Amino acid sequence: MAPSAKMMGLLAASLLGSAVACQDVGEVWLASLVIFGVIGGLLGLIFVVLSAVPLCCGAMKGAAKPIAAASIVVGILACFVPLIGAGIAAAGAVSTVCDSDCYSNGCTDEEKQALNEILSAYGVVAAYFLGLGWLAIILGIVAASLGCCILCKCCKMKDEVAPPQVQVIGQPVK
């Protein structure tokens with residue numbers, strides 16, 4: 001479905017902030033994208049630190065396997081939080097544009113759907129490049145990798161081997 005001229009004008013005016021009395025939808029949309037990027041980054045950071053405790057410090061070895069499993073799952077999930085946020089931010093921006101007092105006629109359902117599709121498509125790229133989604137990807141991958149390192153018994157997770165006993169042969173010297 002091709003977007004109408006009215007809808008493209010609505011989108012351009014709202015994203016570029018040309019309507020003085022209206023809320024700048026572009027800023028609201030980008031702020032929503034940044035929020036989801038930060039949420040994904042914080043999830044990744046929390047599990048990077050949590051995985052590093054048994055792996056690097058040797059503490060909490062008893063809870064290492066559940067920490068590793070959670071780190072792998074949450075680390076992978078953290079990479080996709082900005083992607084999920086792109087759709088949510090698009091829906092919020094569309095409702096802000098169409099329901100605001102600046103546009104007395106509002107939007108038809110077709111225009112709302114087309115606006116939502118446009119913002120969702122651009123939102124994925126914007127979420128990862130402008131909205132700190134790259135941070136969520138980096139920290140999510142590191143958290144999942146540290147979880148794998150725990151399961152592979154790297155670093156301080158290695159089984160401690162007792163030093164060999166020295167056997168004395170003969171008589172001790174007095």
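Below, a biologist quizzes a modeller about a predicted model of a protein.

Biologist: What makes up the fold, in terms of helices and strands?

Modeller: Five helices and zero strands. Reading from the N terminus, the order is α-α-α-α-α.

Biologist: How do you know that the 36 residues of helix α3 span what they should?

Modeller: Take 1.5 Å a residue: residues 64-99 should then cover 52 Å, and the end C-alpha atoms sit 50 Å apart, so the two values agree.

Biologist: Where in α3 is the kink, then?

Modeller: At Phe-80, with a bend of about 35°, shortly before the proline Pro-82.

Biologist: Why is Phe-80 called partly exposed?

Modeller: Its relative accessible area is 45%. Buried would need under 20% and exposed over 50%, so Phe-80 falls in between.

Biologist: What makes Phe-80 eligible for a nonpolar patch?

Modeller: The cut-off for patch members is over 30% relative accessible area, and Phe-80 has 45%, so it passes. Its partners in the patch are Ile-76, Leu-83, Ile-84, Ile-88 and Val-124, and the group has about 510 Å² of accessible area together.

Biologist: Which element gives the most to that patch?

Modeller: Helix α3, with five residues.

Biologist: And the surface of the whole protein, how much is there and what supplies it?

Modeller: About 10400 Å² is exposed, and carbon and sulfur atoms supply 70% of that. As for burial, 36% of the 174 residues count as buried.

Biologist: Why is the Glu-160 and Lys-61 pair called a salt bridge?

Modeller: The N to O distance between the side chains is 3.5 Å. The limit is 4 Å, so the pair qualifies. Side chains of opposite charge can pair when their charged atoms come close. The structure holds one salt bridge.

Biologist: What parts of the chain does the pair link?

Modeller: Distant ones: Glu-160 is in the segment after α5, Lys-61 is in the loop between α2 and α3, and they are 99 residues apart.

Biologist: Is each partner buried, partly exposed or exposed, and how do you know?

Modeller: Glu-160 has 73% relative accessibility, over the 50% mark, so it counts as exposed. Lys-61 has 29%, which lies between 20% and 50%, so it is partly exposed.

Biologist: What about contacts across the chain, how many of them join residues at least 24 apart?

Modeller: Among contacts between residues at least 6 apart in sequence, 81% do. For a C-alpha distance, take Leu-43 and Ala-136: 93 residues apart in sequence, 7.9 Å apart in space.

Biologist: Where is Leu-43, and what does it touch?

Modeller: Leu-43 sits in helix α2. Leaving out residues up to four places away in sequence, it touches Val-74, Ala-78 and Val-81. At 28% relative accessible area, Leu-43 is over the 20% limit for buried and is therefore partly exposed.

Biologist: What makes the phi of Lys-153 worth a mention?

Modeller: It is near 60°, a positive value in a residue other than glycine. Cys-155 is not a glycine either, and its phi is positive at about 55°. Lys-153 lies in the segment after α5, and Cys-155 is found there too.

Biologist: Why is Cys-155 called exposed, and Lys-153 partly exposed?

Modeller: Cys-155 has a relative accessible area of 52%, over the 50% cut-off, so it is exposed. Lys-153 has 35%, which is between 20% and 50%, so it counts as partly exposed.

How values were computed: Residues numbered from 1 in each chain as written. Predicted model: local features only at pLDDT ≥ 70, side-chain atom pairs only at ≥ 80, totals over all residues. Heavy atoms only, no water. Helix = DSSP H or I, 4+ residues; strand = E, 2+ residues; numbered from the N terminus. Expected span 1.5 Å × (residues − 1). Bend = angle between axes of the 7 residues up to and from the residue. Patch = residues over 30% accessible without salt bridge, like charges linked within 9 Å, V, L, I, M, F, W, Y side chains within 5 Å. Areas by Shrake-Rupley, 256 points an atom, 1.4 Å probe, with all protein chains shown as cover. Buried < 20%, exposed > 50% of the residue type's maximum accessible area, 1.4 Å probe, protein only. Contact = heavy atoms within 4.5 Å.
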